[in-house]
Amino acid sequence: MTVSQALIEFLAHQWTVDGDIRERTIPGVFGIFGHGNVAGIGQALKQFNVEQPDLMPYYQARNEQAMVHQSVGYARMHRRRGTYASAASVGPGAANLLTGAALATTNRLPALLLPSDTFATRVADPVLQQLEQPWDIGLTVNDAFRPLSKFFDRVQRPEQLYSIALAAMRVLTDPVETGAVTIALPEDVQAEALDVPVEFLQDREWHVRRPLPERAALARAVAAIRGAKRPLIVAGGGVIYSGAEPQLRELVEATGIPVGTSQAGGGALDWDHPQNLGGVGATGTLAANRLAAEADVVIGIGTRYSDFTTASRTAFQNPDVVFVNINVASFDAYKHGSQLPVVADAREALVELAAALAGHTVSNEYAERIAREKEAWDRMVDDAFAPSGLSLPGQPEIIGAVQGSSDAKDVIVQAAGSLPGDLHKLWRVRDPLGYHVEYAFSCMGYEIAGGLGAKRGLLADGDDRDVIVMVGDGSYLMLNTELVTAVAEGIKLIVVLIQNHGYASIGHLSETVGSERFGTWYREYDADARNFQGDAVLPVDLAMNARSYGLDVVEIEPSPTAIDDLKRAMAAAKASDRSTFIHINSDPLVYAPDGAGWWDVPVPEVSTLDSTQRAREEYLEQQAAQRPLLG
């Protein structure tokens, strides 16, 4: 076999086993072919397509970055048990995978990258699209994957394939190490032949590790929780990936401990559960952030404590706060100087924690406080969703209309801009897999490709629930071409594009740091002022763009009935079996309710602008609340 044929057949026989669940680790390959891989990976996929069509399905994509985004969306829906491989050609094709690699690794979600590389023999040197550095002739574009990947290797000789492929699979299926896994494939080596041991091509199972907590570590954590007056759980993505939602619910119902969720933890507890206070941190709810500020014991479960989750280390203000960090990765378990790390799988730790805390509950006073804060915040969300009659509704009202038109199991997908913050506060998650906001890398352009991957993941399990992609015009313009992929394969998406003619999120942030929305409007260039701050809105028709891809398109005109029109459009989209693109205009200056969270974005110490000077004063006031969080 050639190296490519052996690798593809090997991947087709890899299985992830998680308890009673057994599924293919790599159910398919995305590929865009060029001279670097058309005769290698491309030929192998063609050969298997002819001889064994079900062995390793091939799927087209329109952009290499989007291939990785689809893989990540799929992996999220499968709780990291499966992902796709993404094959790219030499040079720009490989380089286009880099953003996707960084996103996968940052999110701790598996993705297999197969970028082609230049000739190992260097017989054709330099080959078309080869990067040349005189100080290191052996350096290629693919070396840029090293800091972005959890595993990187290059198959420079055919015999290296065996050890590299096995090592790559170990990392892909390891809940601690997983992320982007990169196998660089020189284009000549891809086509070279070798004698392949039959054992290499047989079914192989990779069992997901679910480590139990150490008794002593658990006992210390239990003692701290029992002694707490105002404990708070921060539920992260680890709860979802370990399938620990039932165990989390049982624990909080028994103890009364409230829960705040990170972006990745959305869905860990239904929104209307009495203990669910919603998102916590910079984009969190007022209820969660008020209790976070007073918490004396913070129980982090499967969270990496990003700066948004901790509100740039201003969320937890109790001077005696202690952190109990439950995480499968020691790297995260020891964060904030915690002296109470519990290195264990979230589900297994919650089972034992619940048993050890049997009979323990929070005080009646604290329970009443939790109920009051939740009720007050829920009323604020209801108010934000209430009809305004505005011709240009605000984003919160649009979210409310989409929420009200969705089913309980529908999946919302988002990634960047102001939408993640508003969704974190406002979206009422009703299913463990119903909320997928990629907010570790927060990559503009992830939304459509990630949503397509999420839908693939659901369909692979026979689940035909709707995937709703909400996206602003800024992110849409970054990467929208996978809509063609959805049309080509007949995969249904509902895309709600919120048109505000600019970067709504950075525009708002720009105001808070004194830059007055400079460079954040989509406007025609003003040659006299030398900026884009004028009134001439760009004559760009994104609805026409989506229509040109072959989608059903609904354009909602600005009017007092815009929200009702949106609800009707959503109903029609849900009833359809085709992808639907809904275009609605909004007012970017209508904001969601304040959750009292802060995000550290430094403001210049000196400036001639009054707006920047005022912003600096406000920044210093907020910065004074930052704490080292050595708990």
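**View 1. Ile233 of strand E10 faces Ile299 in strand E13.** In this predicted model, Ile233 has a partner on strand E13 (residues 297-301), where Ile299 stands opposite it. Strands E10 and E13 pair in the parallel sense, and 5 bridges link them. Ile233 also has a bridge partner in strand E11, namely Val259. Here too the pairing is parallel, with 3 bridges between E10 and E11 (residues 259-261).

**View 2. Strand E10 is covered on both faces.** Look along residues 231-235: 5 of the 5 residues are buried, so strand E10 is largely enclosed by the rest of the structure. Side chains in a regular strand alternate between the two faces of the sheet. On one side of E10 you will find Pro231, Ile233 and Ala235, and on the other Leu232 and Val234, all of them buried.

**View 3. Six strands make an open, parallel sheet.** Follow the order E17-E16-E18-E19-E21-E20 to walk across this sheet. From one strand to the next, the twist averages 15°. Strands E17 (435-437) and E20 (552-556) stand at the edges; each has a single partner strand, so one side of each is left without a neighbour in the sheet.

**View 4. Edge strand E20 pairs with strand E21.** The two strands run parallel and are joined by 5 bridges, with E21 spanning residues 580-585. One pair to look for is Ile556 and its bridge partner in E21, Ile584.

**View 5. Helix H15 lies across three strands, E18, E19 and E21.** This helix covers residues 395-405, and it runs at about 170° to E18 (467-472). Strand E19 comprises residues 494-499.

Note on methods:
Residues numbered from 1 in each chain as written. Predicted model: local features only at pLDDT ≥ 70, side-chain atom pairs only at ≥ 80, totals over all residues. Heavy atoms only, no water. Pairing = 2+ DSSP bridges. Helix = DSSP H or I, 4+ residues; strand = E, 2+ residues; numbered from the N terminus. Axes fitted to C-alpha atoms, helices over the stretch in contact; angles between N-to-C directions. Contact = heavy atoms within 4.5 Å. Buried < 20%, exposed > 50% of the residue type's maximum accessible area, 1.4 Å probe, protein only.
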